[in-house]
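Work through the exercises below with the model open. Each task is followed by a solution in steps.

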Amino acid sequence: MKTCLVVDDSKVIRKVARHILETLEFNVAEAGDGREALAYCQDTPPDVVLLDWNMPVMSGMEFLRALGTSGMSPRPKIVFCTTENGVGHIRAAIEAGADEYVMKPFDRETLESKLQIVGLA
Ligand SMILES: [Mg+2]
């Protein structure tokens, strides 16, 4: 079974994402900010990380940078989540190591197609 770490400070979004991912037969773990996510990845590297942008403690961008300098190998695939207001961040996130992005709110079809693009669905 493939594993996905859902990183978002919103419990509701984590719950929605978990539900979708479980129907796609992923094992799902959750983290509420980038720092928790980084610790999780160092301990149990997931296949893919679904990453929120705006979070307290450590943002999605800070997480990407920290993961990049951690030298983790193989690195999990990263699909980061943005909103229509945040599309300006897409290039910065891709440059910092994100593999794909998904617009919030996302549905099952959209998320599945993004996971296919990164080779995981
Ligand atoms: Mg957020």
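**Exercise 1. How many helices and strands does the protein chain have?**

This is a predicted model, in which local features need pLDDT of at least 70, side-chain atom pairs count only at pLDDT 80 or more, and totals for chains, interfaces and linings use all residues. Residues are numbered from 1 along each chain as its sequence is written.

Step 1. Helices (H or I, at least four residues) and strands (E, at least two) are DSSP runs, numbered from the N terminus.

Step 2. The protein chain has five helices and five strands. Along the sequence they follow the pattern β-α-β-α-β-α-β-α-β-α.

Step 3. The radius of gyration, taken over C-alpha atoms, is 13 Å for the protein chain; the globule rule (2.2 Å times the number of residues to the power 0.38) gives 14 Å for 121 residues, so the chain is as compact as a globular protein of that length.

**Exercise 2. Compare the expected span of helix α1 with the distance between its end C-alpha atoms**.

Step 1. The expected span is 1.5 Å times one less than the number of residues.

Step 2. For the 13 residues of α1 (residues 11-23) this gives 18 Å. The end C-alpha atoms are 19 Å apart, which agrees.

**Exercise 3. Which residues of α1 are buried, and what covers them?**

Step 1. A residue is buried if 20 or more other C-beta atoms lie within 10 Å of its own, exposed if 12 or fewer, and partly exposed in between, with C-beta atoms placed from the backbone.

Step 2. Arg14, Ala17, Ile20 and Leu21 are buried in α1. They cover an arc of only 130 degrees around the axis (taken from the directions from the helix axis to the C-beta atoms), which puts them on the same side of α1.

Step 3. On the other side of α1, Lys11, Val12, His19, Glu22 and Thr23 are exposed.

Step 4. The cover over the buried residues of α1 includes β1 (2-7), β2 (26-31), β3 (48-51) and α5 (108-117).

**Exercise 4. Where are Glu25 and Val57 placed, and are they buried or exposed?**

Step 1. Most residues other than glycine have a negative phi, and most peptide bonds are trans.

Step 2. Glu25 has a positive phi of about 65 degrees and lies in the loop between α1 and β2. Glu25 counts as exposed because it has 9 C-beta neighbours inside 10 Å.

Step 3. Val57 has a positive phi of about 70 degrees and lies in the loop between β3 and α3. With 12 C-beta neighbours inside 10 Å, Val57 counts as exposed.

How values were computed: Contact = placed C-beta atoms within 7 Å.
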